[in-house]
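Biologist: I should like to go through the charged side chains of this model and hear the grounds for each term applied to them.

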Amino acid sequence: MANQTITPERVSAAALQRRVGRGKVEPVIFHTLNTIFMIFLVVVTLYPFLNTIVVSFNAGNDTIRGGIYLWPRQFTLQNYKAIFVSGTIYDAFLISVARTVLSTILNIFLTTMLAYTLSRREYVFRKPITLIFVLTMYFNAGLIPGYFLMKDLHLINTFWVYVVPSMISAFNLIVIRTYIGTIPESLVESARIDGAGDFKIFWTIIFPLCKPVLATIALFVAVGAWNSWFDAFLYTSSRQELSTLQYELMKLLSSSMNANSNPAVANGAGMTQDTAASMVTPLSIRAAVTVVASVPILLVYPFMQKYFVVGLNVGSVKE
């Protein structure tokens, strides 16, 4: 056979063909591995919550045996009946809703207003005030001085003890101020030329442009206010009408653990099937408490998701 002459054109064509082949295979490999990883991530993330829901609908005495995965073995509503049997839970729910809404609105409005003030270069005290707020992130007076402060402010056993201490957040202040720094200064200058004052600039320009970061901060503040129970225990435990949902659920969980501390009761010794089905245990009541406490926040999150993703990238891109 005659030897074929290897020319540069033939080498270039062969190399191009190999690159085209790799270009077709690599996306397939990437998408396959990416799909497998994302499915694994979804399963790892979603399974614990689904299992908690299943346990909350399973008979408490049967849950102790274990082996509950994605479907209840003995379906019951007794765990939720144990939570809602007390009339105080509804009043506590309203207190928690009012506290969460007020804390979120006031924190967002006041923190954003302060962040805008500290972002202005013409404000001469912006650096020392910022430093004071940053120091509060590293140093805390402690539990007892904090209690005496609330007492001196006449906030003990009042609803406002839930709201006033959370009106300004140093961390949120830094985040919002960083975001405001990404807003073009020309917008503020144009508004000043048109005769707008500081408050009008803040309300009509700065505040609307901060929606992504404010939605993110609002979600953080709302979750923190909704899940908080220690301040109710510390400041308003003597007034049942000011109790919050989380504090009531914590008391319910504690009483359930005490009631089931007997080993014979925990093992279900001498109990009929109907009695065992109606029994609640710390594990089952804890699952039901987790679901009841999580559902309101889970209902709010989808409406803020589009802002949440943008807000997490605050300050990463500066125009």
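Biologist: Why is Asp62 called buried?

Modeller: In this predicted model, Asp62 has a relative accessible area of 3%. Buried means under 20%, so Asp62 is buried.

Biologist: What makes the contact of Arg65 and Asp62 a salt bridge?

Modeller: The N to O distance between the side chains of Arg65 and Asp62 is 2.6 Å. The limit for a salt bridge is within 4 Å, and the pair therefore qualifies. Arg65 itself has 61% relative accessibility; the term exposed requires over 50%, so Arg65 counts as exposed.

Biologist: How do you know that Arg120 and Glu185 tie together separate parts of the sequence?

Modeller: Their side chains meet in a salt bridge of 2.6 Å, N to O. Arg120 lies in the loop between helix 4 (88–119) and helix 5 (126–135), whereas Glu185 belongs to helix 8 (residues 185–193), so the pair ties together parts 65 residues apart in sequence. Arg120 is buried at a relative accessible area of 9%, and Glu185 is partly exposed at 35%.

Biologist: Why does the pair of Arg192 and Glu122 count as a salt bridge?

Modeller: The closest N and O atoms of Arg192 and Glu122 are 3.6 Å apart. That value is within 4 Å, so the criterion is met. This pair links Arg192 in helix 8 with Glu122 in the loop between helix 4 and helix 5, 70 residues apart. Salt bridges with shared partners join Arg120, Glu122, Glu185, Arg192 and Asp198 into one network.

Biologist: How many salt bridges does the structure hold?

Modeller: The structure holds nine.

Conventions. Residues are numbered from 1 along each chain as its sequence is written. This is a predicted model: local features need pLDDT of at least 70, side-chain atom pairs count only at pLDDT 80 or more; totals for chains, interfaces and linings use all residues. Side-chain values use heavy atoms; hydrogens and water are left out. Buried means under 20% relative accessible area, exposed over 50%, partly exposed in between (1.4 Å probe, protein chains only). Helices (H or I, at least four residues) and strands (E, at least two) are DSSP runs, numbered from the N terminus.
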